[in-house]
Structures are given as structure tokens and as C-alpha cells.
Amino acid sequence: MKKKSGTSHNSANKPEYICPMHCEGYRTYPQPGRCPVCNMSLVPVQSERAKMGHKSDNHSKKKHDPHQDQDAGHVKGDKYYCPMHCEGDKAYDQPGTCPVCGMHLKKEESKSGSKTLYTCPMHPEVKQNKPGTCPKCGMNLVPEKGHEISEEEKAWRKMAKKFRIALVFSIPVFFIAMSDMIPFIHLENIASRKIWNWAQFILAAPVVFYAGWDFFKRGWSSIRRRSPNMWTLISIGVGTAYLFSVAGLLLPGIFPSQFKDAQGNVHLYFEAAAVILTLVLLGQVMELRAHTKTSSAIKSLLGLAPPMARVIRNGHEEEVALEEIQVGDILRVKPGEKVPVDGIITEGAAVIDESMITGESIPVDKSMNDPVTGGTINGKTTFKMKAEKVGSDTLLSRIIEMVNEASRTRAPIQRLADIVAKYFVQIVIAISVITFVIWAIWGPEPAYVYAFINAVSVLIIACPCALGLATPISVMVGTGRGAQSGVLVKDARAIEEMNKVDSLIIDKTGTITEGKPALKNYRTFGNLSDDEVLRLAASIDANSEHPIAEAIVKGAKAKNIDLAEVEKFESVTGKGVKALYDDRKMGLGNHRLMEDFNASLGEREQEIVKEWQSAGQTVMYLIIENNAEGIVSVADTIKKTSVEAIKSLHNMGVKIHMLTGDNEFTARAVAEELHLDNFTANCLPDDKYNKVKELQEAGHVVAMAGDGINDAPALAQADIGIAMGTGTDIAMQSAEITLVKGDLNGIARAKDLSRSVMKNIKQNLFFAFVYNTIGVPIAAGVLYPVFGLLLSPVIAAAAMSFSSVSVISNALRLRKK
């Protein structure tokens, strides 16, 4: 049985306790103690809320604002969260950096707050927030595209500017420091080494105190908050190298001879400090650029809805902004245009491309009273529609919200990385100290110099950031890609659990089958032709509104059979229909109607009827006077996609159990045709719930697919609930995964997506673990006794910077899945 995450609901008089770091989101505990993730003491919920409220009150005060290094140009109502979920699902209303890990907060992409600006094509300086005409030339204003720079873009530009400044100052520092190793550079002919040391000091200062200063602030914040991270290591490593160099420049007399050259100048490491910070800045620039791509799926979804719509009010057609559409408005959609909101067609017909919502490439025919979805693309016709859902109620808005929710959640597999990261920095600092001691005692001369360099390299090369990013970055990209394919994931846990699913419970009607009857077979018993049997059956049913009658009439018309005129039509409840044709009594119905006509079947005819019924078909008898002239059957046809999807699920190791309220004959016929693993007929709603529990108790991980209110208990009980998008809102609320298009192909896609995301996460974790496992010992100098190899702090910084970028780049491969 799955465990629901979230706050436990205790009685009002019992206190609840929460981690002040929100390591597990807003999970509460009934007893005081320590957080199982960060080991900090739990605090009462009320005091934590009060503290959070106090912080929010002071949010506008710059000295208390953890995001003061960001531009304040943001839309009121925007939400920002840490991509590493350091504080669970906590969100901020200001852009900036995470106060725990120092990473740039990601903006939650949504349609709220985004207002369309309109401008004149001839006079771009004319702008307003609603359509109209230009006051200068009279031209119609058009929506302005790309007028808003994203927060990720702002952060990237700011970091890129700092990188360029750091690069300009770091290159001369590097060449001055390395001049002794470059044959064609003879700086000693221009000035003494001491003068050049002062030049390094001056050139390195802007890199440390401007370009890289935020890194030191993040490092200090991590120490103050007792949550050490990669910035702790970088600030300690670079800060030590820089302070050592300043002391060596100003107070050379306090250093032993090991640290000095023949002229008495201390070996300085300004170039290490400057180049390391420049490489870290380069890594941040690349990381921020990659981050802008991780939310590309949501941004593409946001771009589906058109900014304008044609509304017909009081007989007049006018263009209005999308935000101004109201429920009940009549809209006109022209050829090639996007459907603005959810609604139904009231006039005309259309062929709609729904691939951007459902993932299905084949356009869908739509006619009167058929539903259409906002963001889909109209074909070559014009139609009118009635708006039924607007704003945040549209399917597109709900998809975007579900993707945002999933991006903010933490997968259970992330706990492994959290546990390692919890102790990682402390272990690295300890290794750095041990490295210094070992090299100082047993290293070659100058021992203290080797000890210092290797200790700094250990601090610089370690990268807990790669561990922290491994899971959330894959979840973010994967859920966005799933949304583009019609698979909506509510939280990250669902992705991991779906990968473990080995049993799937599905309904028959509407899931495996079309959910509506269709003509299956028709046959004469002797006196009429087969087509004549269908013609007369459809002629009687043309006057009936029963779904079976509609299926027979539709089937006859599809075969281009002309119907006859009948008289004195009569519907007989529970039996069928009767009429007169050419002054003869005629009926179409079940065996009870046969009895009313005193008609009977021979042994051969009875065998045919039984064979059809065994195949799950509903058989209707055509009776003329007292004779059964033939039979017509209908059945709920199996969806074309079901066969392929079930085969794919079987190949993934999933056993499929069909539970249906239909009769034994019909259920068996469908199960045998599709080679299902198990089926149960004549099911009640409670039976689905009990079947889920039965399979769970047998050790299976169970997914349940449903589309009705009666499926909600079973969806909630299952390890993974899958709501078919064609079903009810209650089913969608009870499920962890929603399929926009309600067929089994979506379940196969969800399973495949889960496998791909989990594989990607494991690749990221493997890379991060292996990188740190190999990198830290090499930086400590384990290869020196055998190969004589040591790792420069500069090389260590380059490796550290690119480790995080590699993790993000690997996650971005999911976009092509």
C-alpha cells in the first residue's frame, strides 16, 4: 500500500513538529526529536510558521532579503523554487538564489500574471495592454512577442557578464604566474618578481571581490546555517589560497623558507584563486544556460494558447485578449488558427490537430456538440464554439500546473543522494585536513607547499552539487516531456513507482474498448439476403433512440444500404421494437420478443446465436410474422490502439488484469482476443478496490487505470493510480498519473517514460558518485607515489565545474525521448 506524503492531521490540541530546513517538505511529526535527513532539532509548527511570517514581513527589506542579488523586475504572483528542493516544496515570491545551496531559484512557469502587450508594426514605441489601433497611423495593434526576458535569461546574462570580467583579469594573472614555464616570456627583464606579485594582487582583486564575491556569500551562508555545500568547499579553498597569497605578499617574513624562492619571494597563488573562480563562473554560466532548456516543455505548452480570440457578442465579431474570454462566450475559429479555450462546437465542423495535447499525430474529426481543447489547431474549416472552461480551468492550464507540481516534488531515490550529501562536505573537509597533514609529514620538499596545494585541490574538486542535481533535473525534464506526450505526472514519486509496477488493473468499457456499441455481424436464416436482413433491421431501428439501434443504423449507412419506410413503430420495453412493413408485422429484439411473435429457431440457428454470444456480441432477432428471418449483432469494439499497447506492456513485464461489470461471455471474449493475463466479470466498484489490495498483499506493485467516480477508491489504494483524461475530475484527483487521451497507449507511454527517467537518474547518480569517488583521492595525491602525478587546483576547478554541467546535459537527453 502506498504511503501518501504530506502533513499528518493530528487533533488540534496536539502539537506538531517540523524540520526548520524543510528537508522533507512540510512533513510534520507528533513528537519532538531530530530530522532524519539533516539531524537538526525539530521545532513546533506554530513557531516555524511565525518565523516564516516574520521573514516574509521583512522580505522587502534589502538587508534581510536572501535574493537581493537579483533584479526585482518580476510579475506579482510569480513563484520561485530551488531546483534541488533543499527546502522541500517551499517557494519564494522573489527571484534570487537558494539560501541553502546557493543555486539560482527557478521560476514556476504559469499563465497567471502574464499579460499580452500590443504594439504597432510601424511604431514599436506604441504599446498597450489591450488590442486597438495605433494613435499615430491607425493600424491595428498586434501582440508583441518576446517582450519579456525570463528570470533564467536575466540570471544567465548577469553571470555571463561576471564571467567575462573575470576572464579579462584572470588571463594576465595566469600568464604572469606561469611566465617561468613559458620560454618566450621574460617578465624579469621588465620588472622584478615582487612588482609582478603586486600586479597579480591588483588584477586578482576584481575577480575575487566582484565576479566571484557571491560565491563567498553563499559559502558563509552555508556555514551560518550549518548546511555545508559546494560553496563551503569553494569559498574555503579559494579563500585560503587568496589569503595565503595576500599574507605572503605583505608579510613574507612570517613564512618558512620552504615557501620562498631564491630571491626570498613567497610562492603566491593569486592565479589559482582567480582562475578557479573564473572556471566556477564558466560552470555556472553553462549550468544556467542548460537550466533554461529544462523548462522548455512547459514554455512550449504556455505558447500553445493564442493571445487573441474572436468573440461574437450582440451579433458583432470582435478580437479580445485571451484573458477577457468568459464562460458562455461564442467564439469563431478560422482555418489554421489555435482553439483559444475549452468548449464545444455549436456550428460547423472541423478536423483538429490535438498532437500537442494528446501526443497522437492523427487529426480528429469534430462536429456539432463535440468538445474541443484550448491550444489545439484547427484544420481547413471555420466553426463556432461555446467557451465552457477558461483561464486556470482549461485542460492546458491544468497540464501546466501538474507539470509544475511534479517538478517541485522529490523522488524517493533522491534520499540516497541526500544522505550522502548530508555528510559529504564534512568528509571532504576532513580528507583535506588529513591530506595536508600526510603531505606535510611524509611529502617531498617543499613539503608544506605540496601539502597546501593538494589540500586546496581536494576542497575544490569535490562536487556535492552534481549529487544534488542528479534526481530533480531528470524529473523536471522527464515530466515536461511526458506532458508533451499526453502523460501528466502529479509527483516525482509516481515516476519511480511506475517503473516498479508489475500488475495493471484496467476496465474494459472505454479503456480497452471504444465504450459504445457498433455493428458487428448480420446473417440471414434463409429467405432474405444478408444485406436485406440488415436493411430491414436498420429501417425499424431508425425510429429508436436506443444506443444499440443507433449502432445498427450507423452500420447500415456505412455500407451504403438504403433504408425502407415502416409504419406503426412501437418500442417494447425490455424486448425490442415492432413495426409494419408492406402490411406485415415485423420485429427486432431479443428472445422475449421472439416469444411474443411465437417464433422459434432451429438447432443450427441456435448454435450460430450461441457462438456469437460467446464472442461477446449482443444478438438481435429479425422477425417477420412468425418467422425468424435473420440475426444482427452489435458489440463494443476493441480500440485499435489496445492490441499494440497490451503487447508493449507485456514486453515490459506488466501483467494485465481486466475487471469489468460486463457478463462472462463478453469479458472472456475480449480477454482471449487480447491475451490478457486475467479477467473478472460482473464486477462491482468494491471488487476493484479489493482486487488492488489482494495483489498488493501478494507482493505486487499495482497500477490501476480508471475513469469514473466509482474508480476513485481503487485509484487511491493502488500504488499508482492512472486516470484516463476522458473521465471525471474526481478520478483525476485520486490518481498520480493522468492520461490526456484515454487509451492504453498512454499507459505504455507512462511506463516507458518512467523507465527512461529512472535510468537517467541512475546514470546521473552513478556519474556523480564515480566522479567524487575518483576525483577526491586523485586530488589528495594518491597517484603521486606510483606515477608522480599531482592535480593542480586549477584543473580540479575545471573538473568540478563541468561535473554539474554533465549531469544536466545527460538529463536534457530525455527531451528527445
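Begin the tour by selecting Ile505, which stands opposite His657 in strand 26. The model is predicted: local features require a pLDDT of at least 70 and side-chain atom pairs a pLDDT of 80 or more, whereas totals for chains, interfaces and linings use all residues. Residues are numbered from 1 along each chain as its sequence is written, and side-chain values use heavy atoms, with hydrogens and water left out.

**Strand 19 and its partners**

Extend the selection to strand 19, residues 503-506. Helices (H or I, at least four residues) and strands (E, at least two) are DSSP runs, numbered from the N terminus. Two strands are said to pair if DSSP finds at least two bridges between them. Strand 19 pairs in the parallel sense with strand 26 (residues 655-659) over four bridges. Strand 28 (residues 702-706) also pairs with strand 19 in the parallel sense, over three bridges; there, Ala703 is the bridge partner of Leu504.

Now display the side chains of strand 19. In a regular strand the side chains alternate between the two faces of the sheet. Ser503 and Ile505 lie on one side, Leu504 and Ile506 on the other, and all are buried. Buried means under 20% relative accessible area, exposed means over 50%, and partly exposed lies in between (1.4 Å probe, protein chains only).

**Helix 13**

Next select helix 13, residues 492-500. How many of its nine residues are buried? Seven are, so the helix is mostly covered. The buried residues are Ala492, Arg493, Ala494, Ile495, Glu496, Glu497 and Met498.

Within helix 13, show Glu497 and Lys500, which form a salt bridge with the closest N and O atoms 3.7 Å apart. A salt bridge is a side-chain nitrogen of Lys or Arg within 4 Å of a carboxyl oxygen of Asp or Glu. The two residues are three apart in the helix, about one turn. Glu497 counts as buried because its relative accessibility is 14%, whereas Lys500, at 42%, counts as partly exposed.

**Further salt bridges**

By this rule the count comes to 15 salt bridges. Select Asp214 and Lys217 for another of them, with the closest N and O atoms 3.4 Å apart. Because these residues are three apart in helix 4 (residues 213-224), about one helical turn separates Asp214 from Lys217. Asp214 is buried, with a relative accessible area of 12%, while Lys217 is partly exposed at 36% relative accessibility.

Move on to Arg535 and Glu532, whose side chains meet in a salt bridge (3.1 Å, N to O). Both residues belong to helix 15 (residues 530-541), where they are three residues apart and so separated by about one helical turn. Glu532 counts as partly exposed at 23% relative accessibility. Then select Arg310, Glu317, Glu319, Arg332 and Glu337: salt bridges that share partners join these residues into one network.

**A three-stranded sheet**

Select strands 13, 14 and 16 to see an open sheet of three strands, with the order 14-13-16 and antiparallel pairing. Which strands form the edges? They are strand 14 (364-366) and strand 16 (377-378), each pairing on one side only. Strand 13 (residues 350-353) and strand 16 pair in the antiparallel sense over two bridges. Ile352 has Asn378, in strand 16, as its bridge partner.

**Surface patches**

Switch to a surface view and select Val433, Ile434, Phe436, Val437, Ile438, Ile441, Trp442 and Tyr448, which form a nonpolar patch with about 800 Å² of accessible area together. Patches are made of residues with over 30% relative accessible area and no salt bridge, with like charges joined within 9 Å and nonpolar side chains (Val, Leu, Ile, Met, Phe, Trp, Tyr) within 5 Å. Accessible areas come from the Shrake-Rupley method with a 1.4 Å probe; for residues, only the protein chains shown count as cover. Helix 10 (residues 414-442) supplies the largest share of the nonpolar patch, seven residues. Trp442 lies in helix 10 and counts as exposed at 65% relative accessibility.

For a charged patch, select Glu565, Glu567, Asp582 and Asp583, which form a negative patch on the surface. Asp and Glu count as negative and Lys and Arg as positive; His and the chain ends are not counted. The place of a charge is taken as NZ of Lys, CZ of Arg, CG of Asp or CD of Glu. Asp583 is found in the loop between strand 22 (576-581) and strand 23 (584-589), and counts as exposed at 71% relative accessibility.

**Last stop: His186**

Finally, select His186, in the loop between helix 2 (151-177) and helix 3 (193-211). His186 is partly exposed, with a relative accessible area of 43%. The C-alpha atoms of His186 and Ile176 are separated by 9.8 Å, and these residues are 10 apart along the chain.
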